[in-house]
Each structure stands twice: as C-alpha cells, then as structure tokens.
Amino acid sequence: MEIQKMKILSKLLTCLLTITFFANVATFILGIFYFFDFFLFKLWIAELVTTLVIAGIKVHVSYMIFESEEEEI
C-alpha cells in the first residue's frame, strides 16, 4: 500500500517538475526579450531553485521506491 502511494507521488512530482521546467524556460526567454529585467531575473532564480528542490525530492522518492521494492524480493 505504501509503495503505491509513493509511486503516485513520484508521478505527480514528475508532472510538477515538467511544469516548473517549462515555466523556467518561459521566464528565461521573457528575460531575454525584456533585456534582463531585474525582477524577471529574480523570478527566474526562484524558479530555478524550486525546480532543483523538486528534482531532489523526486530522486529521493524514486530511491525510496527502489529500496522498498528491493526489500520485498
């Protein structure tokens, strides 16, 4: 039961990571077109940090799923 919840969490984190990645790219492109507005630069840095945190959480959850499945065998 716990493994299924973790797999669902992993899929949701994948969707969230995809969304944040596209938002990060869009903000970066907007920053280029607005000649590196400082507010957009700060927003881009915040989105980059958020993307990296979500990626770290996803790696941890994936490892926990792998470890749990290995214990069952």
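**A buried lysine in a two-helix model**

In the predicted model, Lys-58 is buried but forms no salt bridge. The nearest side chain of opposite charge belongs to Glu-69, at a distance of 12 Å. A salt bridge would require a side-chain nitrogen of Lys or Arg within 4 Å of a carboxyl oxygen of Asp or Glu, so the absence of such a pairing for Lys-58 is consistent with the 12 Å distance to Glu-69. Lys-58 is part of helix α2, which spans residues 38–72. With residues up to four places away in sequence set aside, the contacts of Lys-58 are Ser-10, Leu-13 and Thr-14.

The secondary structure of the protein consists of two helices, with zero strands. Along the principal axes, the C-alpha atoms occupy a box of roughly 55 × 15 × 15 Å. The radius of gyration is 16 Å, whereas a compact globule of 73 residues would have a value near 11 Å. When contacts between residues at least 6 apart in sequence are considered, 72% of them join residues at least 24 apart. The contacts of Lys-58 with Ser-10, Leu-13 and Thr-14 belong to this group, given the separation of at least 24 that defines it.

Burial and surface composition were computed for the whole protein. Of its 73 residues, 22% count as buried, and Lys-58 is one of the buried residues. The exposed area of the protein is about 5,800 Å², of which carbon and sulfur atoms supply 76%. As for charge, the protein carries 5 positive and 8 negative charges, and the mean positions of the two sets lie 8 Å apart.

Key:
Residues are numbered from 1 along each chain as its sequence is written. This is a predicted model: local features need pLDDT of at least 70, side-chain atom pairs count only at pLDDT 80 or more; totals for chains, interfaces and linings use all residues. Side-chain values use heavy atoms; hydrogens and water are left out. Helices (H or I, at least four residues) and strands (E, at least two) are DSSP runs, numbered from the N terminus. The radius of gyration is taken over C-alpha atoms; the globule rule is 2.2 Å times the number of residues to the power 0.38. Buried means under 20% relative accessible area, exposed over 50%, partly exposed in between (1.4 Å probe, protein chains only). Contact means heavy atoms within 4.5 Å. Accessible areas come from the Shrake-Rupley method with a 1.4 Å probe; for residues, only the protein chains shown count as cover. Lys and Arg count as positive and Asp and Glu as negative; His and the chain ends are not counted. The place of a charge is taken as NZ of Lys, CZ of Arg, CG of Asp or CD of Glu.
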